[in-house]
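Let's walk through this one by question and answer. Have the sequence and the model open as you read.

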Amino acid sequence: MLERLNQTLEYIESHLDRQVDGAELARIAATSEYHLRRMFSALAGMPLSEYVRRRRLTLAGAEVLAGHESLLEIAVRYGYGSGEAFARAFRAMHGVGPGEARRTGAALVSQPRLTFRLTVEGTSSMRYRVVDRPDFSVVGLKARVPLVHAGPNQAIIDFVRGTDPQVLERLEKLSDQEPHGIVAVCDDLDPSRAEGTELDYYQAVITSAAAPEGAAILPVRAGTWAVFTTSGPAPQAIQELWRDVFTQWFPSNPYRSRPGPEILRTRMSADHTEADAELWLPVEREQG
C-alpha cells in the first residue's frame with residue numbers, strides 16, 4: 001500500500017502545473033478515492049488537497065523570486081484564475097504577497113515533497129473484529145460541530161453538557177443492537193477531513209424501535225463494519241486509536257473505508273480520566 005501511495009505522490013509532482021485527477025490518483029493507489037483521502041490525511045497530517053496546494057505554491061514561490069515570468073503567467077500555470085486569487089493564496093501560505101516577495105526577495109515557506117515509509121514498532125497489537133450488519137437506524141440528538149483532531153472538542157463538550165439527562169435515559173431504553181447504550185456518531189464529514197470543517201454529531205442509540213417525537217434519525221444501510229477497542233487516558237487513547245487505525249490497521253489488512261457514519265461507544269471511569277472505547281467504522285474489502 002505504501003508503495004502505491006508513493007506512486008500517487010510522483011503523479012502529483014508531475015501534475016502540479018496541470019489538473020490533479022482524484023480518480024487517477026485512486027487508480028494508481030488501487031483503492032477508492034474516498035479511502036485514499038482518508039489514508040493520506042492520516043499519514044501526512046494534512047488533507048490531500050492541502051498538500052497539492054502547498055506544493056504548487058512552493059514551486060510558484062521559487063518562480064516568483066526568479067523573476068523570469070510575470071506574476072499572472074505564474075498564477076495561471078498553477079491553476080489560479082486571476083492574479084487576485086493567486087495573491088490571496090500566496091499570502092496565506094508565505095505571509096507576503098507575490099509582488100512584494102519579488103521586490104524585496106522575501107524569505108518564503110517551503111512544503112517539502114512527501115515520501116511515505118513503513119516504520120515497524122511492534123509495541124502493541126490492535127484488538128478488532130469485522131462484522132456484517134443489516135440496515136439499522138441511529139436515533140437521538142444532533143448538532144453540527146467542527147472537526148478537532150487533537151485535544152478536547154469544546155463544541156461537542158458544550159452540546160453533551162446541554163443535553164437533558166432524562167432525555168438520554170429515555171433514549172437508552174430504545175437501544176436494542178450493538179453497540180449498546182448511548183453512542184457518539186459522526187456523519188457527513190467533509191471529504192478533506194481538514195481541521196475545523198464541520199460534521200453532524202449525534203448523541204444517540206442504535207435501534208430498530210420507532211423514534212420518539214422530535215428525535216433526529218439517521219438511517220444506515222446494511223454493510224460491513226470493523227470494530228476496534230481500546231482503553232486508556234481520555235481523550236488521548238481514543239484519538240490515538242483513530243490515528244492507529246489508518247496508519248497501521250488499514251495498510252496491513254485487505255479492507256478500505258467506505259462512506260458512512262462512524263460510531264464510538266465510550267465508557268468513562270468514575271473520575272473521567274480513563275475510558276474504555278469501541279469504535280465502529282464502515283469498511284469494504286479491497287478489490288482484486
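Q: Which residues have the most contacts inside the largest nonpolar core?
A: A quick note first: this is a predicted model, where local features need pLDDT of at least 70, side-chain atom pairs count only at pLDDT 80 or more, and totals for chains, interfaces and linings use all residues. Residues are numbered from 1 along each chain as its sequence is written, and side-chain values use heavy atoms, leaving out hydrogens and water. A nonpolar core here is a set of buried Ala, Val, Leu, Ile, Met, Phe, Trp, Tyr and Cys residues joined through side-chain atoms within 4.5 Å, buried being under 20% relative accessible area with a 1.4 Å probe, protein chains only. The largest core has 33 residues, and the best-connected ones are Ile 12, Leu 25, Phe 228, Val 245, Phe 250 and Leu 279.

Q: Which element gives the largest share of this core?
A: Helices (H or I, at least four residues) and strands (E, at least two) are DSSP runs, numbered from the N terminus. Elements giving two or more residues to this core include α1, α4 (48-66), β6 (223-233) and β9 (274-285). The largest share, 6 residues, comes from α10.

Q: What does Leu 25 contact, leaving aside its neighbours within four places in sequence?
A: Contact means heavy atoms within 4.5 Å. With those neighbours set aside, Leu 25 touches Thr 8, Tyr 11, Ile 12, Val 20, Leu 36 and Leu 48.

Q: At what angle do α1 and α3 pack?
A: In α1 (residues 2-14), Leu 2, Leu 5 and Leu 9 meet Leu 36, Met 39, Phe 40 and Leu 43 of α3. The axes, lines fitted to C-alpha atoms over the stretch in contact, with angles from 0 to 180 degrees between N-to-C directions, are 12 Å apart. The two helices count as roughly perpendicular, a label for 65 to 115 degrees, and the angle itself is about 90 degrees.

Q: Which residues of β5 point to the buried face?
A: Side chains alternate along this strand, residues 216-220. Ile 217 and Pro 219 point to one face and are not buried. On the other face, the buried ones are Ala 216, Leu 218 and Val 220.

Q: Which residue in β5 is the bridge partner of Gly 140?
A: Strands pair if DSSP finds at least two bridges between them. β2 (residues 136-146) and β5 pair in the antiparallel sense over 5 bridges. For Gly 140, the partner in β5 is Ala 216.

Technical notes
Buried means under 20% relative accessible area, exposed over 50%, partly exposed in between (1.4 Å probe, protein chains only). Angles under 35 degrees count as roughly parallel, over 145 as roughly antiparallel, 65 to 115 as roughly perpendicular and the rest as oblique.
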